[in-house]
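Let's take a walk through this protein together, starting with the whole fold and then stopping at a few particular residues. Keep the 3D view open as you read.

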Amino acid sequence: MPTKKREPSEKPTFVFKGTIKRVKGSTMSMVVPDERTCVVRVDQVLESPKLLAHSGGQEITVLLAGRQKVSAGQEMIFHTIGLIFGDSISVQCISQEPLKPGHMAMMGSIADPVEEKKQREVEDRFADADVVISGQVAAVRLPGAEDATNKRRAKRGMVEAEPTAPAAPASEHNAHWREAVIEVHDVHKGSHDRKNIVINFPASTDVRWYKAPKFEPGQQGFFMLRKTQVEEKPSARKGTRGITGETPERETTEAYTALHPVDFQPYHEPEGVKRFIQINPPENE
């Protein structure tokens, strides 16, 4: 199944306004202070996972990005990812910036930092998606199920059958790939002119895959999709070993995935994808 997928650039998951209390400091024994660490009081949480949503007022350890000089008492906006959690918290900065007047209006409009983080993720995923559609899951099948059907038809003289690809070796993180056939209701971004589109998704609940959407027939909503490369069966037009001396070449075709939790949103969920569709109409409209 998917052999190559585009990895998104690292995004901050915990954004807050903070005041630097000590430079070259640390709140955790396992973090050795140096010129890039400082102790920061979290003044206001702006975007956050649930785990850190109520960390306002706490002093935490921040590993700064770049070589920007900072000083005690300085107020800044920190864009970070969680690093170590224990008796205190340590975060790694993706970037940090001095507090500016324009930040005050932004901070005043934030009511729920967890929801703010989700909306930011939806916005980023929408911007990065190759195709955004609305539709309904018509069927879920095993990869190669269509080929098996073709084989049965071939035995009845209906179509020419082609060999299917061998199964990939099993591993503890095997994704257990499935194909969801989506009946397309509308295309909101990108180009797709067929009535159906196939999404490859992992059915596995392994730690590597459990957050990815799991599709079932009847589900309706919005799908933010990314193109990936899927290894196909050997080409029937190539020679086979023992006849021409050639090894059949494996072909790759474009397929789609939706691997982030926000890549699928049911119709009944408020705002989210719908809001970005409204402000980003398709180019052909």
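## Finding your way around

Among contacts in the protein between residues at least 6 apart in sequence, 70% join residues at least 24 apart. Keep in mind that what you're looking at is a predicted model. Its secondary structure comes to 4 helices and 12 strands, and buried residues make up 37% of the 285 residues.

Let's begin with the barrel. Which strands close into it, and in what order? There are 5 of them, running β2-β3-β4-β6-β5, and the pairing is mixed. From one strand to the next, the twist averages 55°. To see one piece of this up close, look at β3 (residues 37-47) and β4 (residues 59-63), which pair in the antiparallel sense over 5 bridges. Here Cys 38 stands opposite Val 62 in β4.

Before leaving this part, have a look at the loop between β2 (14-23) and β3, where you'll find Lys 24. Lys 24 isn't a glycine, yet it has a positive phi of about 55°. Is Lys 24 buried or exposed? With a relative accessible area of 56%, Lys 24 is exposed, because the cut-off for that word is over 50%.

Further along the chain there's another residue with that kind of backbone angle. His 176, also not a glycine, has a positive phi of about 55°. His 176 sits in the loop between α3 (145-155) and β8. At 42% relative accessibility, His 176 counts as partly exposed.

Now move on to β8 and β9. These two strands pair in the antiparallel sense over 7 bridges, with Trp 177 standing opposite Pro 202 in β9. They form a hairpin with 6 residues between the strands, and in that hairpin Gly 190 takes a positive phi near 80°. As for β9, it is mostly covered: 5 of its 7 residues are buried.

The loop between β8 (177-189) and β9 (196-202) is also the place of His 192. You might wonder whether a loop residue like this is buried or exposed; at 19% relative accessibility, His 192 counts as buried, because buried means under 20%. What does the side chain of His 192 have beside a polar atom? The backbone oxygen of Asn 196 lies 2.8 Å from that atom. Leaving aside neighbours within four places in sequence, His 192 is in contact with Val 184, Val 187 and Ile 197.

Those three names turn up again around Ile 133, a residue in strand β7 (residues 131-141). Not counting residues up to four places away in sequence, Ile 133 touches Val 184, Val 187 and Ile 197, and its other partners include Ile 182, Asp 186, His 188, Gly 221, Phe 222, Phe 223 and Leu 225. Ile 133 is buried, with a relative accessible area of 0%. How far from Ile 133 is Ile 197 in sequence and in space? The two are 64 residues apart in sequence and 9.4 Å apart in space, C-alpha to C-alpha.

Phe 222, one of the residues that Ile 133 touches, leads us to the aromatic rings. The structure holds 9 aromatic pairs. In one of these, the rings of Phe 222 and Tyr 267 have their centres 5.2 Å apart and their planes at 85°, so the pair is edge-to-face. Phe 222 lies in strand β10 (residues 220-234) and Tyr 267 in the loop between β12 (264-266) and α4 (273-279), so the pair ties together parts that are 45 residues apart in sequence. Phe 222 is buried, with a relative accessible area of 8%, while Tyr 267, at 29%, counts as partly exposed.

Phe 223, another residue that Ile 133 touches, belongs to an aromatic cluster with Phe 201, Phe 215 and Phe 264.

Finally, look for charges sitting over rings. The charged end of Lys 189 sits over the ring of Phe 126, 5.5 Å from its centre. Arg 275 lies over the face of Phe 276, at 4.8 Å from the ring centre.

Note on methods. Residues are numbered from 1 along each chain as its sequence is written. Side-chain values use heavy atoms; hydrogens and water are left out. Buried means under 20% relative accessible area, exposed over 50%, partly exposed in between (1.4 Å probe, protein chains only). Contact means heavy atoms within 4.5 Å. A polar contact is a pair of N or O atoms within 3.5 Å; within protein, one must be able to donate a hydrogen and the other to accept it, and residues adjacent in sequence count only if both atoms are side-chain atoms. Rings of Phe, Tyr and Trp (its six-membered ring) pair if their centres lie within 6.5 Å; planes under 30 degrees apart count as stacked, over 60 as edge-to-face and the rest as tilted. A charge sits over a ring if NZ of Lys or CZ of Arg is within 6 Å of the ring centre and within 35 degrees of the ring normal. Two strands pair if DSSP finds at least two bridges between them. Axes are lines fitted to C-alpha atoms, for helices over the stretch in contact, and angles run from 0 to 180 degrees between N-to-C directions.
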